[in-house]
Amino acid sequence: PPRRHYDNEEFAFHLEMTSGISYEANKEKAKDSDHSIGERVGAGFSAVGDKIEEKSHSIKAEAHKQSL
């Protein structure tokens, strides 16, 4: 049913947005000299992971749109 596709698309969109917010927070933490080098490096790695996740969710949402 169409509602199922809408729910999957909406869920993917929310995951994409959450990843984007997390990416921005980690990016800012990585730049903040008040944090230790270890925390900044960890935040940098997390930001890269968040960006990859965000792109993945975006691709999945687009695939759901195309399948309709």
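Author: In this predicted model, a residue is called buried under 20% relative accessible area, exposed over 50%, and partly exposed in between.

Reader: Why is Val41 called partly exposed?

Author: Val41 has a relative accessible area of 43%. Partly exposed covers the range between under 20% and over 50%, and therefore Val41, at 43%, is partly exposed. Val41 is found in helix H2, residues 37-67.

Reader: What makes the nonpolar surface patch that includes Val41?

Author: Ile37, Val41 and Phe45 make this patch, of about 340 Å². Patch residues need over 30% relative accessible area; Val41 has 43% and therefore meets that cut-off.

Reader: Why is the pair Lys27 and Glu24 called a salt bridge?

Author: The closest N and O atoms of Lys27 and Glu24 are 3.4 Å apart. The cut-off is within 4 Å, so the pair qualifies as a salt bridge. In general, side chains of opposite charge can pair when their charged atoms come close.

Reader: How are Lys27 and Glu24 placed in helix H1?

Author: Lys27 and Glu24 are three residues apart in helix H1 (residues 2-31), and so are separated by about one helical turn. Lys27, at 27% relative accessible area, is partly exposed, and Glu24, at 37%, is also partly exposed.

Reader: How do you know that Glu28 forms a salt bridge with Lys31?

Author: The closest N and O atoms of Glu28 and Lys31 are 3.5 Å apart, and the limit is within 4 Å; the pair therefore counts as a salt bridge. Glu28 and Lys31 are three residues apart in helix H1, which means a separation of about one helical turn.

Reader: Is Lys31 buried or exposed?

Author: Lys31 has 54% relative accessibility. Exposed means over 50%, so Lys31 is exposed. Its partner Glu28, at 44%, counts as partly exposed.

Reader: What makes the contact of Glu54 and Lys51 a salt bridge?

Author: The side chains of Glu54 and Lys51 meet at 3.3 Å, N to O. That value is within 4 Å, and the pair is therefore a salt bridge. Both residues lie in helix H2, three residues apart, about one turn of the helix.

Reader: Why is Glu54 called buried?

Author: Glu54 has a relative accessible area of 17%. Buried means under 20%, so Glu54 is buried. Lys51, at 31% relative accessibility, counts as partly exposed.

Reader: How many salt bridges does a search of the whole structure find?

Author: The search finds three salt bridges.

Technical notes
Residues numbered from 1 in each chain as written. Predicted model: local features only at pLDDT ≥ 70, side-chain atom pairs only at ≥ 80, totals over all residues. Heavy atoms only, no water. Patch = residues over 30% accessible without salt bridge, like charges linked within 9 Å, V, L, I, M, F, W, Y side chains within 5 Å. Areas by Shrake-Rupley, 256 points an atom, 1.4 Å probe, with all protein chains shown as cover. Helix = DSSP H or I, 4+ residues; strand = E, 2+ residues; numbered from the N terminus. Buried < 20%, exposed > 50% of the residue type's maximum accessible area, 1.4 Å probe, protein only.
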